[in-house]
2 protein chains.
Amino acid sequence: MRRISESTISRLSLYYRTLETLQRENVTTISSGELARSNKFTPAQVRKDLSFFGSFGTRGLGYPVSELKDKIASILGLCKTWNVALVGVGNVGSALVSYKEFQRQGFIIKKIFDNDLRKIGKNHKGILVSDVKNLNMELKENKIEMVIIAVPSSEAQKVVDEVVGAGVRTILNFATTNLKVPENVVLRSVNMAMELEHLSYALANQKR
Amino acid sequence: MRRISESTISRLSLYYRTLETLQRENVTTISSGELARSNKFTPAQVRKDLSFFGSFGTRGLGYPVSELKDKIASILGLCKTWNVALVGVGNVGSALVSYKEFQRQGFIIKKIFDNDLRKIGKNHKGILVSDVKNLNMELKENKIEMVIIAVPSSEAQKVVDEVVGAGVRTILNFATTNLKVPENVVLRSVNMAMELEHLSYALANQKR
DNA sequence: ATACTCTTGTGAATTCTTTCACATATTTTA
DNA sequence: TAAAATATGTGAAAGAATTCACAAGAGTAT
Ligand SMILES: NC(=O)c1ccc[n+]([C@@H]2O[C@H](COP(=O)([O-])OP(=O)(O)OC[C@H]3O[C@@H](n4cnc5c(N)ncnc54)[C@H](O)[C@@H]3O)[C@@H](O)[C@H]2O)c1
Ligand SMILES: NC(=O)c1ccc[n+]([C@@H]2O[C@H](COP(=O)([O-])OP(=O)(O)OC[C@H]3O[C@@H](n4cnc5c(N)ncnc54)[C@H](O)[C@@H]3O)[C@@H](O)[C@H]2O)c1
């Protein structure tokens, strides 16, 4: 199978969200056209994206909402739960821990780590804060599959190296630095400054 | 001038960050090759991106770090400051308010809004929380140019409509819904769930 | 001065992504 | 049961983004 582009995966996420909503509204069938409209894509784009993974629709009718949703869930790996750890229980880290939507989606925050002695050993929204010193061991022991990095940018590479060393293959990063990971590790970064810069670019270069 | 792609703008952000670091390290000159390597791009990509905006390098030598940084800042609209407002002072909103790096970059959070009576009128990290009822008026009065939306997803469209109604042209959204804005408004969304789903896709489909 | 090295800037080639357009399958209507 | 309507699935076309490859400018060494 041809390698699937990142934009296709992003769009699948969006389709998935739309399908969740439709399911709640008891809509049973949706056409590529309607699915496209609700996300500002084209119908052809929707069909092409789905066609990479199989053919899920009925000609003349459209796609069955609940089946398609399940199928996308299976493609995106949302049928099982994932063991997630968070490193850095500061502003961003706290927000993430308290966000129950992730758990609901199957991303279970099993362990949280910090290096601040005032935080270690305390309960944080129901989870005990562990000492980052034991990171390697605890990641392995708890079979952690994804790690979220929310430490200060200056600490991030160090933490990433440890996380990679413990065999974790996927990392979500909130720090603002360029992090280096080996080929076989998937690192994605949430870069809010970059998003703001897209906005300032738009304002600074807006055609009058 | 040909329309510049979003990916070019994203890369400029990354170049900018690298140049900031280099400047701190007193590096005066950098080649496209080195600039590429530190971000896992290709040298040709770096040169092409920059060439859309002019020719800033010296053949045989490379680019002058500090000049190039300033030039990119000017392209991205980082030379001036922008008046930003935040709506929704919850977990995410609080994290953003306390993040001083944005201010340093010129994104000045002038006003913060909430609809929770327990929060309105109180000081939040040095900024008074205003009543979202006065949103329209206050956005205009304070000449707000960008708005960050950090309200629950169910409230987001309502807030966006008001913000657009007040003439704001750029919005950064943290809610997880598909928001509709008119053509001339730039909306960017930070979608952490989507990022996690890229990771689970990678794990679920990893070649062994 | 001249040769040599280095690295930019950029058309052209390539690769990747999106859109088109239509044959095909299914449902609906009559 | 046949015709009309609808919407998928997919090669092919078009469009974008990336990479190639090299002429040309600038510095350095001899
Ligand atoms: N707050 C924001 O809105 C925001 C926005 C954009 C980017 N970021 C980035 O997100 C990251 C976290 O930001 P924040 O505002 O939550 O910072 P923070 O200072 O509030 O939290 C960082 C936490 O990490 C802990 N920590 C420090 N070093 C550590 C280590 N080596 N191991 C484990 N824990 C360690 C600290 O004790 C603290 O609890 C930073 O890299 C920041 O650049 C934050
Ligand atoms: N917390 C996270 O880690 C996280 C992760 C991903 C996405 N999000 C999204 O970010 C948004 C904010 O999340 P949060 O965790 O900060 O939520 P939160 O509930 O902590 O904060 C929301 C804030 O918005 C205020 N609010 C509600 N309705 C409002 C209105 N109409 N006008 C003004 N203020 C209003 C509330 O009083 C509250 O202070 C949500 O849309 C959520 O889906 C959050």
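In the predicted model, a phosphate oxygen of DNA strand D lies 3.4 Å from a side-chain N or O atom of Ser55(A). A second serine of chain A makes a contact of this kind: an N or O atom in the side chain of Ser32(A) is placed 2.6 Å from a phosphate oxygen of DNA strand D. The bases are reached from chain B, where a polar side-chain atom of Arg59(B) is found 3.1 Å from a base nitrogen of DNA strand D. In total, 25 residues surround DNA strand D, and those that come nearest are Ser32(A), Arg47(A), Gly60(A), Tyr63(A) and Arg11(B). Sugar or phosphate contributes 66% of the atoms of DNA strand D that lie within 4 Å of the protein, and bases contribute the rest.

Both protein chains take part in the surface near DNA strand D, with α3 of chain A and α3 of chain B each supplying at least two residues. The largest share comes from α3(B), which provides four residues. Classified by residue type, the surface near DNA strand D comprises four nonpolar, 13 polar and eight charged residues.

DNA strand C is likewise surrounded by 25 residues, of which Arg59(A), Ser32(B), Arg47(B), Gly60(B) and Tyr63(B) come nearest. Of the atoms of DNA strand C that come within 4 Å of the protein, 67% belong to sugar and phosphate. A contact to the backbone of DNA strand C is made by Thr42(A), whose side chain places an N or O atom 3.0 Å from a phosphate oxygen. Contacts to base nitrogens of DNA strand C involve two residues of chain B: a polar side-chain atom of Arg47(B) lies at 2.6 Å, and a polar side-chain atom of Lys48(B) lies at 3.5 Å. The helices α3 (43–51) of chain A and α3 (43–51) of chain B each give at least two residues to the surface near DNA strand C. Here α3(A) gives the most, with four residues. The surface near DNA strand C is made up of four nonpolar, 13 polar and eight charged residues.

Ligand 1 is located between chains A and B. Its shell contains 24 residues, and Val92(A), Asp114(A), Lys119(A), Val151(A) and Glu155(A) come nearest to ligand 1. By class, the shell around ligand 1 consists of 14 nonpolar, six polar and four charged residues. Oxygen atoms of ligand 1 are contacted from both chains. In chain A, a backbone N or O atom of Val92(A) is 2.8 Å from a ligand oxygen. In chain B, a backbone N or O atom of Ala95(B) is 3.1 Å from an oxygen atom of ligand 1, and the side chain of Tyr99(B) places an N or O atom 2.9 Å from an oxygen atom of the ligand. On its own, ligand 1 has 820 Å² of accessible area, of which the protein covers 87%. Two or more residues of the shell come from each of α5 (91–97) and α8 (153–165) of chain A and α5 (91–97) of chain B.

Within chain B, strand β3 (residues 82–87) is mostly covered, with six of its six residues buried. Trp82(B), Val84(B) and Leu86(B) point one way from β3(B), whereas Asn83(B), Ala85(B) and Val87(B) point the other way. Strand β3(B) runs parallel to β4 (residues 107–114) of chain B, to which six bridges join it; in this pairing, Phe107(B) is the bridge partner of Trp82(B). Four bridges also join β3(B) to β7 (residues 146–149) of chain B, again in parallel, and Leu86(B) has Ile148(B) as its bridge partner in β7(B).

Notes: Residues numbered from 1 in each chain as written. Chains lettered and ligands numbered in written order. Predicted model: local features only at pLDDT ≥ 70, side-chain atom pairs only at ≥ 80, totals over all residues. Heavy atoms only, no water. Near = heavy atom within 4 Å. Polar contact = N/O pair within 3.5 Å; in protein donor to acceptor, adjacent residues only side chain to side chain. Areas by Shrake-Rupley, 256 points an atom, 1.4 Å probe, with all protein chains shown as cover. Nonpolar A, V, L, I, M, F, W, Y, C, P; charged D, E, K, R; others polar. Buried < 20%, exposed > 50% of the residue type's maximum accessible area, 1.4 Å probe, protein only. Pairing = 2+ DSSP bridges.
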